[in-house]
Amino acid sequence: MSASLDQRFAEAMGAALGPDFPESIALAVSGGGDSMAMLTLAHNWTHVWGVRLRVVTVDHGLRPEAAAEAEMVAETCAELGWEHQTLRWHWDGQGNLMDAARRARLSLIDGWRGETRDVLLAHTADDVAESFVMRLSRGAGVEGLSAMRPLREVQLGEGTPMRVVRPCLTMRRAELRHYLRVLQGQWVDDPSNDDEGYERVRARKLVARLEAAGSLTGADLAAAATRMARASEALRARAAQVWGEISSEVPLQRCGDLIFDQTAFQTIERDTQLRLLSAALRFVSGAEYPPREAPLEALLERLLGGGGGTLHGCEARIERGQIALFREYAAVQDLSCVAQPGALWDGRWRLARAVPAGLTLRALGEDGWAQRDRKAEPPVPFHAARGAPAIFEGDRLVACDALQPAGEDPVFQLCPFGRLPSDFAVFLRSGPASG
């Protein structure tokens, strides 16, 4: 069994990163059976390829045993000759715990990795099957039901994107634990893995019951998710092709917004309409996840009927035969910071000029719109302009690109991980960041 897993691991690494492997690779190791097996597989793999391993454990502070588990990982790394670091996180009690922990884990690892670009995560075929069941229960479509990708880029800052590598996606959890037993490796079982208060645990037990009944296996579900991923890739390519045919040019002052030709949009098949709309909402808002299917379809129905609406931190409207998607004012009205060169606002707008001290960067809003030059026609209509970044001195408007005449140098720039409309085709092909 161990030789088979070693070979499958090597093949997965070669497909993801070969043939010219980087000097160092990072591994996220929690101390559980999956990640400890991945650490052992990677250690054995380096005997051939000579890649340096760096190991990190994130202690979420949710269980008193977590510190001891991190120490166990550190001791194992010391025995194997690899560096190890424990990163700690404290939940503030806001939002969904599991989602907050996942986001924190990626963010902490991204800040720790330095020049190391590739980070290995120990997701397995069982994780793929469980995710399929969870998303199916939420009414997900092809995209949501698609298997996790073996390799994807994650841009969490302005530096080099982190590449998440999943070399164990074809391996079952039981295989990995057997591998560790044969090699007399150690791991710990997290008691929360039996807590049915977590959706993933309920999905895991449902898959086990299906397998016990002989009606459906985890491998069957993982295979279905893989087929969905192939279909999703083809559908993304179709959406990118359609975007090239129905997109409308966006004025410079509206950078970050997207505009579709309304008549052309109405003629395309519904799945592509939904795919374009979902991607556009993520693109403009910077959201990691796509919106849920039900509200997305409701918004599409309103747009096809000549109306509009808000969803996912964006507003969609019909403007003179075009469908315009832009940042919803309500999503940014409370965002403000000190206006200084390099200041980042709403996760994508960077102040590009030097400005006097004492100024504030916030959304234009109705009060800023009321201070526009009424002799000139603003390049951006009110409903879109009010969510644009602007500089204020107290209540007095100082500058806003959405109100200045065409040809003037912009005050703001979309930062490197912001999004220009010209990048939307690439964004469409890449699919959700969470996959």
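**Figure 1. Charges, size and surface of the whole protein.** In the charge count, Lys and Arg are positive and Asp and Glu are negative, while His and the chain ends are left out. Each charge is placed at NZ of Lys, CZ of Arg, CG of Asp or CD of Glu. On that basis the protein carries 49 positive and 58 negative side chains, and 3 Å lie between the centres of the two sets. Please keep in mind that this is a predicted model, in which local features need pLDDT of at least 70 and side-chain atom pairs pLDDT 80 or more, whereas totals for chains, interfaces and linings use all residues. Residues are numbered from 1 along each chain as its sequence is written, and side-chain values use heavy atoms, without hydrogens and water. The C-alpha atoms fit a box of roughly 80 × 50 × 45 Å along the principal axes. The radius of gyration, taken over C-alpha atoms, can be set against a globule rule of 2.2 Å times the number of residues to the power 0.38. For 435 residues a compact globule would come near 22 Å, and the protein's 24 Å agrees with this. The exposed surface is about 20,600 Å², with 51% of it supplied by carbon and sulfur atoms; such areas come from the Shrake-Rupley method with a 1.4 Å probe, and for residues only the protein chains shown count as cover.

**Figure 2. Domains, helices and strands.** An automatic or database domain assignment sets the bounds used here. Domain 1 covers 5-227, domain 2 covers 247-329 + 424-430, and domain 3 covers 331-418. Taken over C-alpha atoms, the centres of domain 1 and domain 3 are 42 Å apart. You can look for 16 helices and 17 strands, which are DSSP runs numbered from the N terminus (helices: H or I, at least four residues; strands: E, at least two). Contact here means heavy atoms within 4.5 Å. Among contacts with a separation of 6 or more, 67% join residues 24 or more positions apart.

**Figure 3. The cis bond before proline 19.** Here is a bend in the routine: the peptide bond from glycine 18 to proline 19 is cis, with omega near 0°. Proline 19 sits in the loop between helix 1 (2-17) and strand 1 (24-28).

**Figure 4. Helix 7 and the residue after it.** Buried means under 20% relative accessible area, exposed means over 50%, and partly exposed lies in between (1.4 Å probe, protein chains only). By this scale 47% of the 435 residues are buried. In helix 7 (residues 173-182), the buried residues include Arg173, Glu175 and Arg177, together with Leu176, Tyr179 and Leu180. After helix 7 comes glutamine 184, with a positive phi near 60°.

**Figure 5. Two glutamates of helix 8.** Glutamate 199 belongs to helix 8, and so does glutamate 211, in the run of residues 199-213. Glutamate 199 is partly exposed at 28% relative accessibility. Apart from neighbours within four places in sequence, glutamate 199 contacts Met134, Ser137 and Arg138. The C-alpha atoms of glutamate 199 and methionine 134 are 7.3 Å apart, although 65 residues separate the two along the chain. Glutamate 211 is also partly exposed, with a relative accessible area of 29%. With residues up to four places away set aside, glutamate 211 touches Arg172, Leu216, Thr217, Gly218 and Ala219.

**Figure 6. Positive phi values on either side of strand 9.** Histidine 312 lies in the loop between strand 8 (309-311) and strand 9 (314-319). Though not a glycine, histidine 312 has a positive phi of about 60°, and its 26% relative accessibility makes it partly exposed. Arginine 320 lies in the loop between strand 9 and strand 10 (322-327). Arginine 320, again a residue other than glycine, has a positive phi near 50° and counts as exposed at 86% relative accessibility.
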